[in-house]
Amino acid sequence: MAELTWVGKDKVITHHLDVPYRVLDRQYSFDETGQRPAPRR
């Protein structure tokens, strides 16, 4: 089977591992009357 290779292919394939991420806390919610604070836990 043919295989595509190019300069920088390894960076493209593993890019998602290098991107930082964090879990977002819910701070706001929206309803039909506009913006209101999210319920407290």
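User: Before we start, what counts as a helix or a strand here?

Analyst: Helices and strands are DSSP runs, with at least four residues for a helix and at least two for a strand, numbered from the N terminus. Keep in mind that this is a predicted model.

User: Ok, so where does Lys-9 sit?

Analyst: Lys-9 belongs to helix H1, which covers residues 9–18.

User: And what else is in the protein's secondary structure?

Analyst: The protein has one helix and two strands, and from the N terminus they come in the order α-β-β.

User: Back to Lys-9. Which side chain of opposite charge is nearest, and how far away is it?

Analyst: That's Glu-3, at 4.0 Å, but Lys-9 has no salt bridge even though Lys-9 is buried. Leaving out residues up to four places away in sequence, Lys-9 touches Glu-3 and Leu-4.

User: How much of the protein is buried, then?

Analyst: Buried residues are 7% of the 41 residues. The protein exposes about 4900 Å², with 56% of that from carbon and sulfur atoms.

User: New topic: His-16, buried or exposed?

Analyst: His-16 is exposed, because its relative accessibility is 57% and the cut-off for exposed is over 50%. His-16 is in helix H1 too. A polar atom of the His-16 side chain lies 3.4 Å from the backbone oxygen of Ile-13.

User: Which residues form the nonpolar patch on the surface?

Analyst: Leu-4, Trp-6, Val-12 and Ile-13, with about 450 Å² of accessible area together. Of these, Val-12 is in helix H1 and counts as exposed, with a relative accessible area of 53%.

Terms used
Residues are numbered from 1 along each chain as its sequence is written. This is a predicted model: local features need pLDDT of at least 70, side-chain atom pairs count only at pLDDT 80 or more; totals for chains, interfaces and linings use all residues. Side-chain values use heavy atoms; hydrogens and water are left out. Buried means under 20% relative accessible area, exposed over 50%, partly exposed in between (1.4 Å probe, protein chains only). Lys and Arg count as positive and Asp and Glu as negative; His and the chain ends are not counted. Contact means heavy atoms within 4.5 Å. A polar contact is a pair of N or O atoms within 3.5 Å; within protein, one must be able to donate a hydrogen and the other to accept it, and residues adjacent in sequence count only if both atoms are side-chain atoms. Patches are made of residues with over 30% relative accessible area and no salt bridge: like charges are joined within 9 Å, nonpolar side chains (Val, Leu, Ile, Met, Phe, Trp, Tyr) within 5 Å. Accessible areas come from the Shrake-Rupley method with a 1.4 Å probe; for residues, only the protein chains shown count as cover.
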